[in-house]
Amino acid sequence: MKMLPGGAEAMKGQDLSKQEREFKHMEAMICGMTIKERRNPALLNAKRRIRVAKGSGVTVTELNTMMNKFSQMQQMMKKMGKFQKMMGKMGGGLPGMLRR
């Protein structure tokens, strides 16, 4: 986290043990999925979610929360991509971005 831009400032006063524990739970959930499920999270029906949750030591609710966060992040990244394409067509760009 410290190596990310603004990460050191964001970490000041934060309880890292909670964040690290949450990250380890996410890692366990992802490792509990099959390769097909990782590539296509829509495959995770109720039975598969129960299997992944049991295998990673979390509740189905925690797994659903992680999947919702992933979905929201995926949508946000798509919007950002569309925004950058639009700005590129207009000849602009985000300030501070290097053109290659």
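User: How much area does the protein chain expose, and what share do carbon and sulfur atoms supply?
Analyst: About 8600 Å² is exposed, and carbon and sulfur atoms supply 60% of it. Areas are Shrake-Rupley values with a 1.4 Å probe, and for residues only the protein chains shown count as cover. This is a predicted model: local features need pLDDT of at least 70, side-chain atom pairs count only at pLDDT 80 or more, and totals for chains, interfaces and linings use all residues. Residues are numbered from 1 along each chain as its sequence is written, and side-chain values use heavy atoms, with hydrogens and water left out.

User: What share of the residues is buried?
Analyst: 14% of the 100 residues. Buried means under 20% relative accessible area (1.4 Å probe, protein chains only).

User: Which elements are there?
Analyst: Five helices and zero strands. Helices are DSSP runs of H or I, at least four residues; strands are E runs of at least two; numbering starts at the N terminus.

User: What's in the largest nonpolar core?
Analyst: Nine residues: Met 29, Met 33, Leu 44, Val 52, Ala 53, Val 58, Leu 63, Met 66 and Met 67. α5 gives the most to this core, three residues. Such a core is a set of buried Ala, Val, Leu, Ile, Met, Phe, Trp, Tyr and Cys residues joined through side-chain atoms within 4.5 Å.

User: What does Met 67 contact, beyond neighbours within four places in sequence?
Analyst: Met 33, Pro 41, Leu 44 and Arg 49. Contact means heavy atoms within 4.5 Å.

User: Which residues of α5 are buried?
Analyst: Leu 63, Met 66, Met 67 and Met 87 are.

Technical notes: Buried means under 20% relative accessible area, exposed over 50%, partly exposed in between (1.4 Å probe, protein chains only).
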